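Q: Could you walk me through reading the cores and pockets of a model like this one? I'd like to go feature by feature.

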Amino acid sequence: MTYIIAIDGPSGSGKSTISNKLAEILDIEYLNTGSMYRATTLYFLENSLDENSTNEKVKKALNNININFINNEIYLNGKNVEKEIRNDLITKNVSWVSANASVRKRLVDMQREIANEKSFVLDGRDIGTVVFPNAKYKFYLTANARQRAIRRFEQNESNLSVDEIEKAIIARDNYDSSRKISPLKKADDAIEIDNSDLNIKQTIDLILENLDKKDAL
């Protein structure tokens with residue numbers, strides 16, 4: 001029987017790395033939903049869309065976007081954009097893109113379709129609250145802003161200093177948690193894990209401890 005593991009949390013909480021490794025351990029599929037919003041942001045910027053673009057223009061752009069994954073790397077209209085979506089410009093703009101109602105609906109529909117027939121680990125900001133509210137397992141990963149900034153800095157994906165990244169993370173947290181559509185928040189029935197002082201293995205072990213034995217084999 002298939003099942004869904006929903007892992008939500010703010011930027012830098014380690015949810016993508018942990019979700020990917022967890023899926024490998026459990027031998028099930030993994031879907032990084034954040035990459036889908038980043039790829040959409042890349043397409044929007046390349047086609048001169050911004051947060052003031054009309055809904056008609058946004059919907060037209062969405063009709064021209066095809067996203068798929070090969071070996072856990074994201075492809076936008078047939079092109080591997082795994083590295084392109086990790087720069088500061090995308091990070092700066094992804095919040096307004098992901099807050100757009102039309103974007104949200106289109107990508108949520110895609111996520112549900114992708115994870116419909118197999119067991120999946122999905123990570124994002126609204127997996128347990130919106131995308132799969134009936135997921136068998138729900139976890140909310142978090143860490144203090146400073147630790148998350150250090151992690152981002154060590155990934156070498158940004159030209160910003162740790163202090164600048166921390167400031168951006170706090171701003172992103174405030175934006176994501178206060179937006180009207182699919183805000184970042186912990187599902188009422190999710191297990192919260194603060195991994196500020198935990199490494200990847202320790203965090204994964206805590207998750208595995210909360211799975212049914214038959215699923216954790």
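Q: Let's start with the largest nonpolar core: which of its residues touch the most other members?
A: Bear in mind that this is a predicted model. A core here is a set of buried nonpolar residues linked through side-chain atoms within 4.5 Å, so you look for the members that touch the most others. In this case the largest core has 34 residues, and the ones to look at are Phe-44, Ile-67, Val-103, Leu-122 and Phe-132.

Q: Which helices and strands each supply at least two residues of this core?
A: On the helix side you have α2 (33-46), α3 (55-62), α4 (88-98), α5 (101-114) and α6 (127-131). The strands are β1 (4-8), β4 (73-76) and β6 (120-124). Helix α2 gives the largest share, with six residues.

Q: Where does this core lie with respect to the domains?
A: Check which domains give residues to it. Domain 1 (1-26 + 126-209) and domain 2 (29-117) both do, so the core lies between them.

Q: Back to Phe-44: what is it in contact with, leaving aside neighbours within four places in sequence?
A: Phe-44 contacts Leu-49, Val-58, Ala-61, Leu-62 and Ile-65, along with Trp-96, Val-97 and Val-103. There's also a second, separate core, made of 17 residues, with Tyr-3, Ile-7, Ile-18 and Ile-207 among them.

Q: On to pockets. How much space lies in the largest one, and which lining residues are closest to its centre?
A: Take the volume, then the lining. The largest pocket holds about 860 Å³ of space. It is lined by 41 residues, and Ser-16, Thr-17, Asn-32, Arg-86 and Arg-152 are the closest to the centre.

Q: What is that lining made of, by class and by element?
A: By class, you get 18 polar, 14 charged and nine nonpolar residues. At least two lining residues come from each of α1 (15-26), β2 (29-32), α2, α4, β6, α7 (145-154) and α9 (200-209). Domains 1 and 2 both contribute to the lining, so this pocket lies between them.

Q: And the second largest pocket: how much space, and which residues are closest to its centre?
A: Same routine. About 500 Å³ of space lies in it, and among its 19 lining residues Thr-91, Lys-92, Ala-168, Ile-169 and Arg-172 are the closest to the centre. The classes here are seven nonpolar, five polar and seven charged.

Q: Which helix gives the most to that lining?
A: That's α8, with six residues. Both α4 and α8 (162-178) supply at least two. Since domain 1 and domain 2 both give residues to this lining too, the second largest pocket lies between them.

Definitions and conventions
Residues are numbered from 1 along each chain as its sequence is written. This is a predicted model: local features need pLDDT of at least 70, side-chain atom pairs count only at pLDDT 80 or more; totals for chains, interfaces and linings use all residues. Side-chain values use heavy atoms; hydrogens and water are left out. Buried means under 20% relative accessible area, exposed over 50%, partly exposed in between (1.4 Å probe, protein chains only). Helices (H or I, at least four residues) and strands (E, at least two) are DSSP runs, numbered from the N terminus. Domain bounds come from an automatic or database domain assignment. Contact means heavy atoms within 4.5 Å. On a 1 Å grid over the protein atoms alone, a cavity is a set of points where a 1.4 Å probe fits but cannot get out, and a pocket is an open set with protein on both sides within 12 Å along at least five of seven lines; lining residues have an atom within 4 Å of a point. Grid points are joined across faces, edges and corners, and a volume is the space filled by probe spheres set on the points. Ala, Val, Leu, Ile, Met, Phe, Trp, Tyr, Cys and Pro count as nonpolar, Asp, Glu, Lys and Arg as charged, and the others, Gly among them, as polar.
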